[in-house]
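The following explanation proceeds from the overall fold to the metal site and then to the residues packed around it. The reader is invited to keep the sequence and the coordinates in view throughout.

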Amino acid sequence: MKFLLILVLLIILYFRFVKGQKRVCQKKERKELITELVFDENCGTYINKNSAIRIKFGDKEYYFCSKKCAEEFLKKLQDSQ
Ligand SMILES: [Zn+2]
């Protein structure tokens, strides 16, 4: 009987351990999604995607840290074409 009790206890502990690890993984993934960085091609810095200004030009999408950067980059693009 004692052996059976220990076995059950071990199984419970094992499942708790596995579930705990899964939770940690999900938290990590969420953090990565929130802090996803995008490249500002005008001033060359990385910015948070959530706070970045998104501009579609042709079939490409660009991200900028400010409106000023977006306008400058668009001007450069138009000059080069
Ligand atoms: Zn910028």
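A contact, in what follows, means heavy atoms within 4.5 Å. On that basis, residues 24 or more positions apart account for 19% of the contacts in the chain with a separation of 6 or more. The model is predicted, and its confidence should be considered before its details. The mean pLDDT over the chain is 87, and 85% of the residues score at least 70. Confidence is lowest in helix 1 (residues 2–34), where the mean is 78, and highest in strand 1, at 96. Where pLDDT is low, the predicted coordinates should not be read in detail.

The chain contains two helices and four strands, which follow one another along the sequence in the pattern α-β-β-β-β-α. Of its 81 residues, 16% are buried.

The metal site is a suitable place to begin a closer reading. Which residues coordinate the zinc ion? The donors come from Asp40 (OD), Cys43 (SG), Cys65 (SG) and Cys69 (SG), at 2.0 to 2.3 Å. The angles that these four donor atoms subtend around the zinc ion run from 94 to 117°; because four donors count as tetrahedral if all angles lie between 85 and 135 degrees, the arrangement is tetrahedral. Along the chain, the donors follow the spacing D-x2-C-x21-C-x3-C. Cysteine 43 belongs to the loop between strand 1 (37–40) and strand 2 (45–48), while cysteine 65 belongs to the loop between strand 4 (60–64) and helix 2 (67–80), so the pair ties together parts that are 22 residues apart in sequence. As for sulfur–sulfur bonds, the count of disulfides, defined as pairs of cysteine sulfur atoms within 2.5 Å, is zero.

Are the coordinating residues buried or exposed? The burial cut-off is under 20% relative accessible area, with exposed residues over 50% and partly exposed ones in between. Cysteine 43 therefore counts as partly exposed, at 38% relative accessibility, and cysteine 65 is likewise partly exposed, at 36%. Cysteine 69, by contrast, counts as buried because its relative accessibility is 9%. Aspartate 40 also counts as buried, at 0%.

Aspartate 40 is located in strand 1. Its C-alpha atom is separated by 4.7 Å from that of phenylalanine 64, although the two residues are 24 positions apart along the chain. Neighbours within four places in sequence being left aside, aspartate 40 is in contact with Thr45, Ile47, Tyr63, Phe64, Cys65 and Cys69. The last two of these names, Cys65 and Cys69, also appear among the zinc donors.

Phenylalanine 64 leads from the metal site to the nonpolar interior. With the same exclusion of sequence neighbours, the contacts of phenylalanine 64 include Asp40, Ile55, Cys69, Ala70 and Phe73. The largest nonpolar core consists of seven residues: Ile55, Tyr62, Phe64, Cys69, Ala70, Phe73 and Leu77. Strand 4 and helix 2 are the elements that give two or more residues to this core, and helix 2 gives the most, with four residues. Cys69 thus has a place both in this core and in the coordination of the zinc ion.

Tyrosine 63, in strand 4, is buried, with a relative accessible area of 13%. The C-alpha atoms of tyrosine 63 and isoleucine 53 are separated by 5.5 Å, the two residues being ten apart along the chain. Beyond its neighbours within four places in sequence, tyrosine 63 is in contact with residues including Val38, Phe39, Asp40, Ile47, Ala52 and Ile53.

Methods:
Residues numbered from 1 in each chain as written. Predicted model: local features only at pLDDT ≥ 70, side-chain atom pairs only at ≥ 80, totals over all residues. Heavy atoms only, no water. Donors = N, O, S within 2.8 Å, 3.2 Å for Na, K, Ca; no water. Tetrahedral: all angles 85-135°; square planar, octahedral: opposite > 155°, others 65-115°. Buried < 20%, exposed > 50% of the residue type's maximum accessible area, 1.4 Å probe, protein only. pLDDT = per-residue confidence, 0-100. Core = buried A, V, L, I, M, F, W, Y, C linked by side-chain atoms within 4.5 Å.
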